[in-house]
Amino acid sequence: MTFDVPEDRRYLESHEWAHETNGVVRVGITEFAQDELGDVVFVELPDEGDSLTREAEFGVIESIKAVSDLYAPVSGEVVSVNEALFDSPELVNDDPFGEGWMLEIDADDTDELEALLSAEEYEEQIA
């Protein structure tokens, strides 16, 4: 099975994606991750204003199969949380790179993104 791995994002080995626009990094999980999890039933996310540290846990995602921690791709302040996920966590399954995004971080240093996997490197990991 092949999975969508957009070229315009960077990836963590733990299957989160990061997309940067003007210093703000939008974060979610990959199509591969949501497929492995199965039906997502709950997402726990930080509050706006919380500070995150790169590669530290920022939340939890729960599916009918498993509970998994979520990890921050960059350090910075949470400036937005996708509150739609609280009532409709299945958006993560339906559209992991779009409506299923999780949070946005005002990155302390966008150069941290360079340490993450490229789309090609991530595709090799999940192959």
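Which residues make a nonpolar surface patch of about 290 Å²? Hi everyone, let me start with the answer: Val41, Phe42 and Ile64. Before we go on, please keep in mind that what you see above is a predicted model.

Let's stay with that patch for a moment. Phe42 sits in strand β4, which covers residues 40–44. Its relative accessibility is 40%, so Phe42 counts as partly exposed.

Now for a surface patch of another kind. Here we have negative charge, gathered by Asp47, Glu48, Asp50, Glu77, Glu83, Asp106, Asp108, Asp109, Asp111 and Glu114. If you want a place to begin looking, try Asp106, which belongs to strand β9, residues 103–107. With a relative accessibility of 38%, Asp106 is classed as partly exposed.

Next, the aromatic rings. How many aromatic pairs does a search of the whole structure find? There are 3, and I'd like to show you two of them.

One is Phe3 with Phe32. The ring centres are 5.4 Å apart and the planes stand at 90°, which is over the 60 degrees that the class requires, so this pair is edge-to-face. I like where these partners come from: Phe3 is in the segment before β1 (10–11), while Phe32 is in helix α1, residues 31–37. That is a separation of 29 residues, so to speak a link between distant parts of the chain. And are these rings buried or exposed? Phe3 and Phe32 are both buried.

The other pair I picked is Trp17 with Phe97. Centre to centre, the distance is 5.9 Å, and with 40° between the planes the pair is tilted. Again, distant parts of the chain are linked: Trp17 lies in strand β2 (residues 16–21), and Phe97 in the loop between α3 (91–94) and β9, 80 residues apart. Trp17 and Phe97 are buried too.

On to the salt bridges. The structure has 4 of them, and I'll walk you through some.

Asp8 pairs with Arg9, with 3.0 Å between the closest N and O atoms. The two partners differ in how they are covered. Asp8 has a relative accessible area of 46%, which makes this residue partly exposed. Arg9 has 13%, and therefore counts as buried.

Then we come to Arg54. Which side chain meets Arg54 in a salt bridge at 3.3 Å, N to O? That is Glu55. Glu55 is exposed, at 51% relative accessible area, and Arg54 is partly exposed, at 30%.

Arg54 also forms a salt bridge with Glu112, where the closest N and O atoms are 3.9 Å apart. Arg54 is in the loop between β5 (51–52) and β6 (57–63), and Glu112 is in the loop between β9 and α4 (119–126), so this bridge ties together parts that lie 58 residues apart in sequence. Through shared partners, Arg54, Glu55 and Glu112 become one network of salt bridges. Glu112, for its part, is buried, with a relative accessible area of 18%.

While we are around β5, have a look at Leu52, which is found in that strand. Leu52 is buried, with a relative accessible area of 10%. How far apart are the C-alpha atoms of Leu52 and Val74? They are separated by 7.6 Å, with their positions 22 residues apart along the chain.

Let me finish with the backbone. Most residues other than glycine have a negative phi. With that in mind, here are two residues to look up.

His15 has a positive phi, near 85°, and is not a glycine. You will find His15 in the loop between β1 and β2. His15 is buried, at 18% relative accessible area.

Asn22 is not a glycine either, and its phi is positive, about 50°. Asn22 lies in the loop between β2 and β3 (24–29). Is Asn22 buried or exposed? Asn22 is exposed, with a relative accessible area of 76%.

For a tour of your own, you could begin with the patch of Val41, Phe42 and Ile64, go on to the ring pair of Phe3 and Phe32, and end at the network of Arg54, Glu55 and Glu112. Thanks for listening!

Technical notes
Residues are numbered from 1 along each chain as its sequence is written. This is a predicted model: local features need pLDDT of at least 70, side-chain atom pairs count only at pLDDT 80 or more; totals for chains, interfaces and linings use all residues. Side-chain values use heavy atoms; hydrogens and water are left out. Patches are made of residues with over 30% relative accessible area and no salt bridge: like charges are joined within 9 Å, nonpolar side chains (Val, Leu, Ile, Met, Phe, Trp, Tyr) within 5 Å. Accessible areas come from the Shrake-Rupley method with a 1.4 Å probe; for residues, only the protein chains shown count as cover. Lys and Arg count as positive and Asp and Glu as negative; His and the chain ends are not counted. The place of a charge is taken as NZ of Lys, CZ of Arg, CG of Asp or CD of Glu. Helices (H or I, at least four residues) and strands (E, at least two) are DSSP runs, numbered from the N terminus. Buried means under 20% relative accessible area, exposed over 50%, partly exposed in between (1.4 Å probe, protein chains only). Rings of Phe, Tyr and Trp (its six-membered ring) pair if their centres lie within 6.5 Å; planes under 30 degrees apart count as stacked, over 60 as edge-to-face and the rest as tilted.
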